[in-house]
Amino acid sequence: MINANNVALSYGKRVIFQDVTIKFTPGNCYGLIGANGAGKSTFLKILAGEIEPDRGEVSLGARERLAMLRQDHFAFDEETVLHTVIMGHARLYELMMEREAIYAKVDFTDEDGIRSGELEAEFGEMNGYEAESEAGTLLAGLGIGENLHHQKMKDLEGGEKVRVLLAQALFGNPDVLLLDEPTNNLDIDSITWLEHFLERFTNTVIIVSHDRYFLNQVCTHMADIDFGRVTVYVGNYDFWYEASQLVLQQKQNENKKVSTKAQELKDFIQRFSSNASKAKQATSRKKLLEKLTIEDMPVSSRKYPFIQFKASRSCGDNILEITELGKEVDGVSVLENFSLTVNKGEKIAFVGSTNSLAKSTLFAILAGDMAPDSGSFRWGVTMSTSYFPKENNAFFQDNTNLVEWLSRFTPVTEGESFARGFLGKMLFSGEEALKKTSVLSGGERVRCMLSRMMLSEANALILDEPTNHLDLESITALNNALIAFPEVVLFTSHDHQFVSSVANRIVEILPGGIIDQMMPFDEYLLDERVAKLRLELSA
Ligand SMILES: Nc1ncnc2c1ncn2[C@@H]1O[C@H](COP(=O)(O)OP(=O)(O)OP(=O)(O)O)[C@@H](O)[C@H]1O
Ligand SMILES: [Mg+2]
């Protein structure tokens with residue numbers, strides 16, 4: 001059980017939370033939702049005791065342990081896989097390290113002997129001797145084999161990394177489990193595994209996610225963050241959506257009633273204020289009118305950013321020719337003999353649930369960020385590219401403010417007001433445009449990366465999972481922008497609707513070769529020849 005009592009937090013003028021009081025009870029799974037930048041990750045960090053609120057407090061049940069999967073997947077890059085998992089139980093890991101240090105000593109003293117006795121007792125009580133095998137079982141469930149146990153986290157692929165971090169959060173059966181966007185970078189099989197895991201988990205779970213399908217599968221309650229408040233609804237996402245639409249409707253009706261009444265009163269006052277016999281009545285109505293307030297009521301702070309891609313020149317006839325590309329990563333072949341000719345007007349979705357590394361590697365090579373081991377590719381002379389990589393940490397290392405950050409990508413002839421205007425359209429207005437890149441939320445970072453892409457005015461856009469981290473409004477805005485873009489797009493996304501509405505060609509990379517079809521995604525999924533080919537090429 002975990003409680004938040006009168007929690008308040010502001011950054012400068014921005015109120016993130018005002019007086020939030022909630023009780024999260026065991027057995028329930030809470031979906032924490034809200035727009036990008038609403039404060040979801042911040043709220044989890046407050047619950048975990050990582051951020052101290054300005055006012056109020058958080059209380060965890062006596063002797064209870066809390067574990068968290070962070071939205072940022074880089075914190076453990078220097079650790080090995082097995083250690084990372086065990087670190088999920090901080091005390092146990094501490095004991096394990098102290099034990100190892102003591103036994104490694106050359107001059108093992110009597111004191112060390114006593115200390116090691118104490119350590120062994122506590123270690124045993126915490127099931128420390130089974131820690132490695134328990135960690136191994138969790139990892140195996142998530143498809144991480146023993147061959148990776150002693151690798152460093154930074155050498156893992158994005159999808160593997162998040163699965164290890166998930167195992168870390170689940171390790172040692174915490175009483176309160178906080179998961180911040182766990183499905184980002186997770187393949188379908190792992191998402192299904194997680195859904196089953198959470199169904200069986202009887203302690204308290206709080207999950208941040210923008211994935212409606214996932215929320216519906218696992219949540220018993222929704223906690224919606226808006227206007228600095230957190231409102232809890234019983235039911236899953238669809239139920240929340242219906243209920244919140246109903247509340248919106250009611251408020252609108254109420255406001256309509258209030259404004260009709262106000263108009264009647266105004267008319268009355270105007271008609272009779274010059275008439276002496278009615279003057280008294282008119283005055284009292286005036287007072288009434290002053291009391292009537294039309295509740296200033298945006299029921300949701302969710303907003304659409306303005307996304308539009310314009311190419312500075314349109315594509316010629318030769319777009320891209322890829323010939324027999326090959327690439328190994330850490331001694332494992334990820335791309336082999338890959339050939340493709342891309343034509344004018346094509347928007348190609350690279351799909352398939354098990355080969356995200358192949359897709360990311362191909363994109364990095366085409367963007368010039370990585371060299372292939374063999375084969376070649378040639379962009380047409382009219383072509384210019386802009387690349388949106390799956391991991392964007394490298395872009396936000398130096399601590400500038402947003403205006404400075406964006407100015408690196410704006411035309412030299414344009415001044416600060418141009419960058420500010422641009423940021424405003426991407427929902428960073430006023431003081432928000434001056435905040436540091438280090439404090440950005442996951443979705444806010446993606447909005448910055450998309451701004452950079454818009455400013456490039458390239459005619460070939462390469463996007464690797466751009467829908468990760470984005471809220472529904474931003475996904476819709478990006479979706480529409482890519483539909484409207486008349487040039488070339490190469491992309492991947494886990495969002496079904498996004499893929500099916502943008503792509504006119506589908507490429508699936510399989511172990512035995514590729515499937516390449518000029519058709520929309522929905523048709524592709526139903527095509528029997530495709531299904532047969534997939535079986536043949538999967539072997
Ligand atoms: N130290 C800070 N100073 C100023 N603003 C901050 C600071 N830390 C966070 N913020 C801002 O607080 C807001 C909430 O951030 P948070 O990461 O909690 O959002 P979120 O709801 O998790 O969004 P997302 O869905 O994009 O992950 C963001 O606008 C962020 O830029
Ligand atoms: Mg977040």
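The buried residues of helix H1 are Lys 40, Ser 41, Thr 42, Phe 43, Leu 44, Ile 46 and Leu 47. A residue is called buried if 20 or more other C-beta atoms lie within 10 Å of its own, exposed if 12 or fewer, and partly exposed in between, with C-beta atoms placed from the backbone. Helices (H or I, at least four residues) and strands (E, at least two) are DSSP runs, numbered from the N terminus. H1 covers residues 40-47, and because seven of its eight residues are buried, H1 is largely enclosed by the rest of the structure. Just after H1, Gly 49 has a positive phi of about 80°.

The model is predicted: local features need pLDDT of at least 70, side-chain atom pairs count only at pLDDT 80 or more, and totals for chains, interfaces and linings use all residues. Residues are numbered from 1 along each chain as its sequence is written, while chains are lettered from A and ligands numbered from 1 in the order in which they are written.

H1 also has a part in the surroundings of ligand 1. Around this ligand stand 19 residues, and the closest are Gly 37, Ser 41, Thr 42, Ser 441 and Gly 443. The elements giving two or more residues to this shell are H1 and helix H14 (442-456). A residue is near a molecule or strand if its C-beta atom, placed from the backbone, lies within 6 Å of it. Sorted by class, the shell around ligand 1 holds five nonpolar, eleven polar and three charged residues. Here Ala, Val, Leu, Ile, Met, Phe, Trp, Tyr, Cys and Pro count as nonpolar, Asp, Glu, Lys and Arg as charged, and the others, Gly among them, as polar. Domain 1 (1-64 + 175-235) and domain 4 (320-398 + 440-538) each supply at least three residues to the shell around ligand 1.

Those two domains belong to a division of the protein that also contains domain 2 (75-160), domain 3 (241-291) and domain 5 (400-435). The domain bounds come from an automatic or database domain assignment. Between the C-alpha centres of domain 3 and domain 4 the distance is 56 Å. The C-alpha atoms of the protein fill a box of roughly 100 × 75 × 50 Å, taken along the principal axes. The protein has 18 helices and 18 strands, and 36% of its 539 residues count as buried.

Next comes a sheet. Six strands form an open sheet of mixed pairing, in the order S14-S15-S16-S12-S17-S18. Its edge strands, S14 (385-388) and S18 (513-517), each pair on one side only. Two strands pair if DSSP finds at least two bridges between them. At one edge, S14 and strand S15 (residues 460-464) run parallel and are joined by four bridges; Ser 386 has Leu 461 of S15 as its bridge partner.

Further along the sheet is strand S17 (residues 505-510), which is mostly covered, with five of its six residues buried. Strand S12 (residues 347-351) pairs with S17 in the parallel sense over four bridges, and Phe 350 has Val 507 of S17 as its bridge partner. The pairing of S17 with S18 is antiparallel, over five bridges. In this pairing, Glu 508 stands opposite Ile 515 in S18. S17 and S18 form a hairpin, with two residues between them.

The loop between S15 and helix H15 (472-484) is the place of Thr 467. Thr 467 is buried because 23 other C-beta atoms lie within 10 Å. Leaving aside neighbours within four places in sequence, Thr 467 is in contact with Ile 475, Ser 493, His 494, Asp 495 and Phe 498. Contact means that the C-beta atoms of two residues, placed from the backbone, lie within 7 Å. Thr 467 and Ser 493 are 26 residues apart along the chain, and their C-alpha atoms are separated by 6.5 Å. Across the protein, among contacts between residues at least 6 apart in sequence, 71% join residues at least 24 apart.

Glu 465 is found in the loop between S15 and H15. Its phi is near 55°, a positive value in a residue other than glycine. Glu 465 counts as buried, with 23 C-beta neighbours inside 10 Å. Leu 427, in the loop between helix H13 (416-425) and H14, has a phi near 70°, again positive in a residue other than glycine. With 20 C-beta neighbours inside 10 Å, Leu 427 counts as buried.
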